[in-house]
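Hi everyone, thanks for having me. I'd like to walk you through one model today, piece by piece. Have a look at it first, and then we'll start.

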Amino acid sequence: MLKKLINLIVLPLFALTSIALVQAAEVGKLDEADIAVSSRANDVKDHGLKEALAAVFIKNSGLPSVVLNPLVKAQINTPEVILTQYGYYEKNGELMLKASFDHQRIISTLRQAGLAVWGSQRPLTLLWMSVNENNEPTVLADASSADIRIELAQESTNKGIPLLLPIMDLDDVMQVSITDVRGMFTDVLANASARYQADYFAVANVDTQGGNVHFSFKLFDKNRTNGVLQALISQQGNAADYKQATKQMMNILADYYISQYAIASTGSDVATQVSFTGLNNMTQVVHVETYLRQLSAVKSIKLSQFKGDSATYSIALFSSVDDLQRLLNIDSRLSQLDTKGRVESFYESKTDDTKPKLIYQWLG
């Protein structure tokens, strides 16, 4: 059963949409999963609930291996303890069991086990991919009906990684050619990616060679280092078919994002202060606090000062300030402000220890 649980990931659907006007994406339904079952019999239901709970643990951590942890295994074997509701429905003639669990208990178990937690705010990736359609090399577009596009949508769902394909309208076609993608001319692709405002862009080539599928894959941050675009990931490999190639590429992408955004507790007491400006009413303050509480790096928050349109929070962390900053920087509702001078003018009566280390403008 454990092998099946490790391979099972059920996540909310991420449609590959047209131009995104926001960075990052919020993954919903982290407390539920849908499982195909053969009947409504009690023993089948009990087995299905275990599979569903395993899927929920996996998508809240990002790592299939979490189900091997003794604390997690013990919880999976008694899913009814944290089950909040379940029901049945039919999908394409197949009976499905939908189950929801206590999300706080899920996170608490992962924390208690010392495992990483991957929050609902996840980076958005724009994918430029060259494939063969009708025996012609082409840039895979959002509107494509190719099998690999369907596989990408499924893997995006399974891995919980929000993914975009270019719409390849006149603007895209004027900027990007198939040669640019196949040659991985990153400056051209970086310029074309700007309109999508994704956190990252990836470039992939997929070719059929002697009955096998060969792929190459690179991931880039939207920001340059010393004026140069440097690949965060650069891998290639072979697969039996397009489906396996897609799965391998998405596994590569998932591994990187989990290493950056899934946060495990270090066991040390780390705290910082973060200020938010542009808060014009209490509704926005509530939104900020709700946002902070769901971040996987945040242990607790306390409002320490509210003055004018700015609020400062004392934040206890599970890990480091750098981890918190990485999470804050992928949310389009936040714009980081230069702390030089701004801190001194607004907090001139404060000591150095109580001045906020990070200041963001809230755009939500």
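Okay, let's begin with a turn. Strands S3 and S4 make a hairpin, with two residues between them. One residue in that turn is Asn92, and its phi is positive, about 50 degrees. That's worth pausing on, as Asn92 is a residue other than glycine. Is Asn92 buried or exposed? Asn92 is exposed, with a relative accessible area of 78%. The cut-off for that word is over 50%, so 78% puts Asn92 in the exposed class.

Before I go on, please keep in mind that this is a predicted model.

Now let's follow the two arms of the hairpin. S3 and S4 run antiparallel, and eight bridges join them. S4 covers residues 94-101. If you want to find the pairing on your screen, look for Gln85, which stands opposite Ser100 in S4. Another pair to look for is Leu83, whose bridge partner in S4 is Phe101.

What about the other side of S4? There we find S2, which runs antiparallel to S4 and is joined to it by five bridges. Here the pair to look for is Asp34, standing opposite Lys98 in S4.

So let's put those strands together. What is the order of the three strands in this open sheet? The order is S2-S4-S3, and the pairing is antiparallel. The edge strands are S2, residues 32-36, and S3, residues 83-91, each of them pairing on one side only. From one strand to the next, the twist averages 20 degrees.

Here's a bit of background to carry with you: in a regular strand, side chains alternate between the two faces of the sheet.

Next, the helix. Helix H2, residues 42-61, packs on the sheet and touches S2, S3 and S4. The direction of H2 makes about 55 degrees with that of S4. How far does H2 reach from its first C-alpha to its last? With its 20 residues, H2 reaches 29 Å, close to the 28 Å expected at 1.5 Å a residue. Right after H2 comes Gly62, and its phi is positive, near 95 degrees.

And how well covered are these pieces? H2 is mostly covered, with 15 of its 20 residues buried. S4 is mostly covered too, with six of its eight residues buried.

Let's move on to empty space. The idea is simple enough: roll a probe the size of a water molecule over the atoms, and you see where empty space is left. The second largest pocket in this model has a volume of about 410 Å³. Its lining has 24 residues, and those nearest the centre are His103, Gln104, Ile107, Arg293 and Gln294. Which elements give two or more residues to that lining? They are helix H4 (103-112), strand S5 (117-118) and strand S15 (298-307). The largest share, five residues, comes from H4.

Now a few single residues. Glu155 is in helix H5, which covers residues 147-159. Glu155 has a relative accessible area of 4%, so it counts as buried, given that buried means under 20%. Which residues does Glu155 touch, leaving out those up to four places away in sequence? Glu155 touches Thr246, Lys247 and Met250.

Then there's Gln197, in the loop between helix H8 (186-193) and strand S10 (200-209). Gln197 has a positive phi of about 55 degrees, although it is not a glycine. At 39% relative accessibility, Gln197 counts as partly exposed, because that class is the one in between buried and exposed.

Last one: Ser332. You'll find Ser332 in the loop between helix H11 (321-328) and strand S17 (334-336). With 25% relative accessibility, Ser332 counts as partly exposed. How far apart are Ser332 and Ala198 in sequence and in space? In sequence they are 134 residues apart, and in space they are 9.8 Å apart, C-alpha to C-alpha.

To close, go back to where we started: Asn92, in the loop between S3 and S4. From that loop, try tracing S2-S4-S3 across the sheet yourself, and then find H2 packing on it. Thanks, everyone!

Definitions and conventions:
Residues are numbered from 1 along each chain as its sequence is written. This is a predicted model: local features need pLDDT of at least 70, side-chain atom pairs count only at pLDDT 80 or more; totals for chains, interfaces and linings use all residues. Side-chain values use heavy atoms; hydrogens and water are left out. Two strands pair if DSSP finds at least two bridges between them. Helices (H or I, at least four residues) and strands (E, at least two) are DSSP runs, numbered from the N terminus. Axes are lines fitted to C-alpha atoms, for helices over the stretch in contact, and angles run from 0 to 180 degrees between N-to-C directions. Contact means heavy atoms within 4.5 Å. The expected span of a helix is 1.5 Å times one less than its number of residues. Buried means under 20% relative accessible area, exposed over 50%, partly exposed in between (1.4 Å probe, protein chains only). On a 1 Å grid over the protein atoms alone, a cavity is a set of points where a 1.4 Å probe fits but cannot get out, and a pocket is an open set with protein on both sides within 12 Å along at least five of seven lines; lining residues have an atom within 4 Å of a point. Grid points are joined across faces, edges and corners, and a volume is the space filled by probe spheres set on the points.
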